[in-house]
Amino acid sequence: MKIGFIGLGNMGSGMALNLVQANHEVNIYDINKDVIDDLSAKGCVGCSDIKSAVKNRDVVITMLPEGTHVREVYLDKLGVIENSNKNTLLIDCSTIDIESIKTVGAKANQNNMSIIDAPVSGGVVGADNGTLTFMVGGSEESFNLALPILNIMGKKVVHAGGLGAGLAAKICNNMILGISMIALSESFVMAKKLGLEQSKFFEISSKATGMSWAMLNHLPVADIIETAAANNYFKPGFAASMMVKDLSLAQAAATTVNLNTPLGSLALDMYKDFVSQGNGALDYSAIIKLIEDN
Ligand code: NAD
């Protein structure tokens with residue numbers, strides 16, 4: 001297939017390379033020229049603007065930081081919708097607000113184009129290894145068209161519902177993760193202060209009712225599990241600033257449905273506090289420092 005890929009950062013670069021390895025022709029564009037040069041040397045086709053990246057493509061994929069970037073890249077006169085063929089399938093994998101994808105979707109529909117939101121879970125390791133989980137929102141027909149491509153970049157692809165449903169799932173999922181990491185951090189700090197060995201508490205809790213995905217994969221304590229950022233001075237991984245973004249999206253989404261989520265709200269305040277102390281580039285599991293310092 002002929003694919004256009006826009007946004008080749010931590011996530012997008014591994015995803016694009018997996019498509020190249022599966023013998024697809026991948027045009028790439030990013031405002032950062034260095035990543036275009038790097039990936040061009042690895043088999044992608046570097047482009048100097050969006051127009052050339054999306055020209056005559058079967059599929060266009062975007063992996064951008066926030067809703068503002070997605071709206072700009074899709075809706076601008078020089079952007080994706082104006083410059084793609086009508087039968088090009090548009091796939092936005094960014095984690096953004098639901099309103100933005102619906103705005104872009106309305107414009108795509110006006111132009112008789114199909115679009116899905118397909119945010120991911122699994123981090124940079126999942127992007128590099130092609131083991132992401134995709135949560136997809138859009139029509140059944142668009143989902144089926146996208147499936148073979150998403151299956152190259154991921155190991156699990158779920159159709160969550162109509163446009164925006166993938167993002168709803170992603171936002172709710174990350175609210176669980178943000179809250180879980182704080183619960184995990186409080187418990188491990190308290191266990192230590194109560195005189196328990198950290199590894200002993202892990203041995204017990206990981207086999208008891210306190211066990212969680214965050215505990216087994218992102219434990220905020222060093223030298224117990226292999227995949228913890230804590231083993232590497234909290235180098236991300238998934239940055240604390242990204243967690244602030246996702247918990248902010250969760251609070252904004254809760255407001256749209258008049259729901260109070262006090263734990264989600266407190267988790268956001270704690271991550272904001274942590275990031276405001278200059279820790280935004282640390283892994284989100286470093287939030288344990290905030291608890292240790294109190
Ligand atoms: P990133 O900042 O590393 O990459 C984003 C890329 O988009 C950058 O290369 C940037 O130059 C490019 N870009 C920005 N504006 C652009 C524009 N107007 N035109 C073209 N390119 C532009 O971010 P990331 O870590 O790859 O994350 C991307 C998305 O995936 C985010 O929404 C994030 O929340 C989500 N996500 C990230 C992770 C993770 O672990 N990093 C996990 C799951 C989901």
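In this predicted model, 26 residues surround the ligand, and those that come nearest are Asn10, Met11, Asp30, Pro65 and Lys245. By residue class, the shell around the ligand comprises 13 nonpolar, nine polar and four charged residues. Three helices, namely H4 (67-75), H7 (123-129) and H12 (240-256), each contribute at least two residues to the shell. The greatest contribution among them comes from H4, which provides three residues.

Polar contacts to oxygen atoms of the ligand involve both side-chain and backbone atoms of the protein. For Asp30, a polar side-chain atom is found 2.6 Å from an oxygen atom of the ligand. At Leu64, a backbone N or O atom lies 3.0 Å from an oxygen atom of the ligand. A polar backbone atom of Pro65 is likewise placed 2.9 Å from a ligand oxygen atom. Of the 840 Å² of accessible area that the ligand has on its own, 88% is covered by the protein.

Attention then turns to the interior of the protein. In soluble globular proteins, nonpolar side chains tend to be buried together. The largest nonpolar core in the model consists of 55 residues. Within this core, Phe5, Met15, Ile61, Ile91, Phe134 and Leu150 have the most contacts. When residues up to four places away in sequence are not counted, Ile91 touches Val59, Val60, Ile61, Thr62, Tyr74, Ile116, Ala118, Ala146 and Leu150. Another core, of 36 residues, lies apart from the largest one and includes Ala191, Ile225, Ala230 and Ala240.

Notes: Residues numbered from 1 in each chain as written. Predicted model: local features only at pLDDT ≥ 70, side-chain atom pairs only at ≥ 80, totals over all residues. Heavy atoms only, no water. Core = buried A, V, L, I, M, F, W, Y, C linked by side-chain atoms within 4.5 Å. Buried < 20%, exposed > 50% of the residue type's maximum accessible area, 1.4 Å probe, protein only. Contact = heavy atoms within 4.5 Å. Near = heavy atom within 4 Å. Polar contact = N/O pair within 3.5 Å; in protein donor to acceptor, adjacent residues only side chain to side chain. Areas by Shrake-Rupley, 256 points an atom, 1.4 Å probe, with all protein chains shown as cover. Helix = DSSP H or I, 4+ residues; strand = E, 2+ residues; numbered from the N terminus. Nonpolar A, V, L, I, M, F, W, Y, C, P; charged D, E, K, R; others polar.
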